[in-house]
Amino acid sequence: MRTKYMIAFLAACLMLCCVGFAFCARKKCPDTKYEEPGLDLKPVIYLYPEEDGTEVEVSLNYDGNLNELIPEFSSENKWEVVADKDGTITYDGQTYDYLFWEGDPNYEYDFFSGFCVKGCDTESFLNDKLHEMGLNDAETAEFIEFWLPRMEGNEYNVISFQGDTYKKGAKLSISPQPDNLIRVFMAWYPSDKYVKINPQSIQEGSRDGFTVVEWGGNKVK
């Protein structure tokens, strides 16, 4: 009898685990590592050449410690891949939507200019600004899907899209040279009160010709 109760108990536990897993899959429960501040998270690089089967080399010179790469570099600090017009990337027989990296930077981001946005207004704010900077609908949706769950519940979010600080800390070299390189990197932190900050001027992005797009972010310490 005790054996039957034990089997029933284990079956119930297994069912609860499956339900919990399915719930997280639907709700996209955030990985706990993403709550750690100070990391450069999910910089992803999309390649849109003008011809299918274009061989592309992407080099990343990063002032920090790289924590993850998908796929791994082909050689030191470099991806050597084949890209199609629709953005499909092929490397070593596998296909990818983008090149992925994450790291712990040795430099700090500046908040000389930016925006202070109510948590409840963050989704519409990001949707407007990301499109203005040149991200398409799919890229914008992926950015918001990743970052919004960490931001919308805050009273305010202080946001600064990084320029020279990020580009010098995470240098990209691409061959053949793209006609347009759109790099969107959001440094931000939550605040329980409004923070006065110099308004940031946003540079509009263009997508004609061979276009490379990158987005990522850092919830600063």
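Colleague: What makes you say that strand E2 (residues 54-62) is joined to E10?

Modeller: Six bridges join E2 to E10, and the two run antiparallel, whereas two strands already pair if DSSP finds at least two bridges between them, so E2 and E10 count as paired. Within E10, Lys171 is the bridge partner of Asn61. The strands themselves are DSSP runs of E with at least two residues, numbered from the N terminus. This is a predicted model, in which local features need pLDDT of at least 70, side-chain atom pairs count only at pLDDT 80 or more, and totals for chains, interfaces and linings use all residues. Residues are numbered from 1 along each chain as its sequence is written, and side-chain values use heavy atoms, with hydrogens and water left out.

Colleague: Which strands are the edge strands of the open sheet, and why are they called that?

Modeller: The open sheet has five strands in the order E6-E5-E4-E2-E10, with antiparallel pairing. Strand E6 (94-96) and strand E10 (170-175) are its edge strands, as each pairs on one side only.

Colleague: Why is strand E7 (residues 99-105) described as largely enclosed?

Modeller: Buried means under 20% relative accessible area, with a 1.4 Å probe and protein chains only; six of the seven residues of E7 are buried, so the strand is largely enclosed by the rest of the structure.

Colleague: What is joined to E7 by two bridges, and what pairs with E7 over six?

Modeller: Strand E1 (residues 41-48) is joined to E7 by two bridges, running antiparallel, and Ile45 stands opposite Leu99 there. Strand E3 (residues 64-70) pairs with E7 in the antiparallel sense over six bridges, with Glu68 opposite Glu102.

Definitions and conventions
Helices (H or I, at least four residues) and strands (E, at least two) are DSSP runs, numbered from the N terminus. Buried means under 20% relative accessible area, exposed over 50%, partly exposed in between (1.4 Å probe, protein chains only).
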